[in-house]
Amino acid sequence: MKVAYLTRIHKESDLIYSNLLYHYNIGIRNFYITFNQSDDKTKQEAFRFFKDFDCMYHIYLDNDLEYTQPEQFNKMSKDAYDAGLKWQIPIDADELFYIKKMPLDDFILQYDNHKYGFLVFKWIDYHGPENELAFKWKNRQKEPRKESKIIVKWDPECKWGDGHHLLTAKRFKISDIPINQGFYAHYPNRSKKQLEYKLNRIGKAFIDRFGENSKRPQVETYKKMQQDSTYIDYVWQKVLDKRNNIELIEDQIF
């Protein structure tokens, strides 16, 4: 079964090769990648993967600072659909899509009788020391995030919402997937420096899209960081406190 991998990446040179390789190894052969103001090293790592492995890839260049993620994903989804790739998996560079105990094609085939729709997966954070956050299957947070993630059997009338966590049109849910069958693994906040860069970049993008008076938390955090150079210390300490005060699971999934 043909499945499309969709991503929009910025400066993720430390993750993108490993991310692409993991999803290649679970059976994906069609990659749609939007480089959003990506640096040369990020692009080089992606093309190194495409040189090393036999797959189809489609590249898009997005040089806008403004937050245009839904529009970019809609374009990739349309192109994938037109190429015959109805099932589509949106991935961030710091995420892995995990299916347990069966090939990806076999898993999706169970739901392929539906004309269109989406499957809902839990979204789970992994924590640990900074040098252990690069896709290690351990230190999994016991409770998933309140937000979920989806994979989609696309229809031309579907539309992605913010962060490709949901659809804003043709919102037919096929099924919720139990965590013991599959989930999205998320490896956020790899370092204080990476977090500060990400919050500044996202804040600027959201202000360009929604305005300085937006009440979105990304905008409010960015404005606090601009007003107080030590605010990132507070934000990073909250990350460390969370790591130290939540119940973690040592995964034994492979």
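Leaving aside its neighbours within four places in sequence, which residues is S38 in contact with? The legends below take up this residue and three other views of a predicted model, in which local features need pLDDT of at least 70 and side-chain atom pairs count only at pLDDT 80 or more, whereas totals for chains, interfaces and linings use all residues. Residues are numbered from 1 along each chain as its sequence is written, and side-chain values use heavy atoms, with hydrogens and water left out.

**View 1. Surroundings of S38, in the loop between β2 and α2 (40-52).** Helices (H or I, at least four residues) and strands (E, at least two) are DSSP runs, numbered from the N terminus. Apart from neighbours within four places in sequence, S38 is in contact (heavy atoms within 4.5 Å) with I9, H10 and K43. A polar atom of the S38 side chain lies 2.8 Å from the backbone oxygen of H10. Because its relative accessibility is 9%, S38 counts as buried; here buried means under 20% relative accessible area, exposed over 50%, and partly exposed in between, with a 1.4 Å probe and protein chains only. The C-alpha atoms of S38 and N63 are separated by 8.3 Å, although these residues are 25 apart along the chain.

**View 2. T34 in strand β2.** With a relative accessibility of 0%, T34 counts as buried. Once its neighbours within four places in sequence are set aside, T34 is in contact with T7, R8, I9, Y60, D62, Q72 and M76.

**View 3. Helix α3 (residues 69-82) and the strands that its buried residues pack against.** The 14 residues of α3 should span 20 Å at 1.5 Å a residue (taken times one less than the number of residues), and the end C-alpha atoms are 20 Å apart, which agrees. Buried in this helix are Q69, P70, Q72, F73, N74, M76, S77 and A80. These buried residues pack against β1 (3-9), β2 (30-36), β3 (56-62), β4 (87-90) and β9 (159-160). After α3 comes G84, whose phi is positive, near 90°.

**View 4. A nonpolar patch on the surface, formed by F47, Y57, I59 and L61.** Together these residues have about 370 Å² of accessible area, by the Shrake-Rupley method with a 1.4 Å probe. Nonpolar side chains (Val, Leu, Ile, Met, Phe, Trp, Tyr) are joined into a patch within 5 Å, if their residues have over 30% relative accessible area and no salt bridge, that is, no side-chain nitrogen of Lys or Arg within 4 Å of a carboxyl oxygen of Asp or Glu. Strand β3 gives the largest share of the patch, 3 residues. Y57, found in β3, counts as partly exposed because its relative accessibility is 37%.

Notes:
Patch = residues over 30% accessible without salt bridge, like charges linked within 9 Å, V, L, I, M, F, W, Y side chains within 5 Å. Polar contact = N/O pair within 3.5 Å; in protein donor to acceptor, adjacent residues only side chain to side chain.
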